[in-house]
Amino acid sequence: MIEQKQQSLISILQDMKKVVVAFSGGVDSTYLLKVAVEALGTDHVLAVTADSETYPTSELEEAKRLAEHIGARHLVIETSELAIPGYTENDKNRCYFCKNSLFDHLVPIMNEKGFENIVYGVIADDMSEYRPGMRAAKEQGVRGPLQEADLYKEEIRELSKRLGLPTWDKPSFACLSSRIAYGETITKAKLTKVEKSEAFLKTVGVRQVRVRTHDNIARIEVEPQDMDLILRNHTRITEKLQSYGYQFVTMDLVGYKSGSMNRELSKIKS
């Protein structure tokens, strides 16, 4: 079954002929880029990474290394989500504004360089979650080959492992803005605070972490098996995160959950 899905992905990409890949360096977009290069050839694939305030420097450098590892042509462009009208207000359409702006940047690149399609890493799992960015993709004709091939995250990890991609077991990542509670204004200072806090927690030994930000409260999400690690280092962690600007530092006993801020959506107006 999984091999059939990969073959379906290859066929979908071959029908597209020449693609621009919105490339973040995450599990999904890395696998998509690898298969695209193998299916279409280097000259018919261009990876584009948007460098912005919501994208950690460490992720940008990893994206560069991954593109080189795959042998893909790679273009880094500078964007600014904070300059997008409506974005900093941080309502439930935030991801729509972000993706719409990204695709606004990619369409001229596609046309200028003679490509025929833009693709991004939406997957089958995303169809059951709140993903307003998919509306922007639909409006701009951007395709999601992984979702079209009905590929799920765990299948993509397995196929990535078979292809020798170092991202096969990489923790899931989302933009830094996803850490800030809906309704709170997004600022560069808050994004920096989140980035520094998560980077520090990784030095403690945690791989999968989110520092959800509720005004001056840091709500740390980690996998249940890492909770004891947080508790053993609670003094160091509290002091460091307070030095970054948080007043209170807490740990969520539910543990890490992708998109956990979406619990608040029922309280947020459109």
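Colleague: Why is K34 called buried?

Modeller: Happy to explain, and please keep in mind that this is a predicted model. K34 has a relative accessible area of 17%, and buried means under 20%, so K34 counts as buried.

Colleague: What makes E38 exposed?

Modeller: The same kind of test. The relative accessibility of E38 is 52%; exposed means over 50%, so E38 counts as exposed.

Colleague: How do you know that K34 forms a salt bridge with E38?

Modeller: By the distance between their closest N and O atoms, which is 3.3 Å. The cut-off is a side-chain nitrogen of Lys or Arg within 4 Å of a carboxyl oxygen of Asp or Glu, so the pair of K34 and E38 qualifies. The two residues are four apart in helix α2, so about one helical turn separates them.

Colleague: What makes α2 mostly covered?

Modeller: In α2, 13 of the 14 residues are buried. This helix covers residues 27–40 and reaches 20 Å from its first C-alpha to its last, close to the 20 Å expected. Just after α2 comes G41, with a positive phi of about 95°.

Colleague: Why are α1 and α7 called roughly perpendicular?

Modeller: Helix α1 (residues 2–16) and helix α7 (residues 153–162) pack at an angle of about 80°. Angles of 65 to 115 degrees count as roughly perpendicular, and therefore α1 and α7 are described that way. Their axes are 11 Å apart.

Colleague: Which residues of α1 and α7 meet there?

Modeller: From α1 they are I2, E3, K5 and Q6, and from α7 they are E155, E158, L159 and R162. The residues of this contact divide into two nonpolar, one polar and five charged.

Colleague: How do you know that E3 and R162 meet in a salt bridge?

Modeller: Their side chains come to 2.8 Å, N to O, and the cut-off is within 4 Å, so the pair counts as a salt bridge. E3 lies in α1 and R162 in α7, so the pair ties together parts that are 159 residues apart in sequence.

Colleague: Why is E3 called partly exposed?

Modeller: Partly exposed is the range between under 20% and over 50%. E3 has 46% relative accessibility, so E3 counts as partly exposed. R162, at 47%, also counts as partly exposed.

Colleague: How many salt bridges does a search of the whole structure find?

Modeller: The search finds 19. Among them, R143 pairs with E148, the closest N and O atoms being 2.8 Å apart. Elsewhere, R212, R219, E221 and D252 are linked in a network of salt bridges.

Key. Residues are numbered from 1 along each chain as its sequence is written. This is a predicted model: local features need pLDDT of at least 70, side-chain atom pairs count only at pLDDT 80 or more; totals for chains, interfaces and linings use all residues. Side-chain values use heavy atoms; hydrogens and water are left out. The expected span of a helix is 1.5 Å times one less than its number of residues. Buried means under 20% relative accessible area, exposed over 50%, partly exposed in between (1.4 Å probe, protein chains only). Axes are lines fitted to C-alpha atoms, for helices over the stretch in contact, and angles run from 0 to 180 degrees between N-to-C directions. Angles under 35 degrees count as roughly parallel, over 145 as roughly antiparallel, 65 to 115 as roughly perpendicular and the rest as oblique. Contact means heavy atoms within 4.5 Å. Ala, Val, Leu, Ile, Met, Phe, Trp, Tyr, Cys and Pro count as nonpolar, Asp, Glu, Lys and Arg as charged, and the others, Gly among them, as polar.
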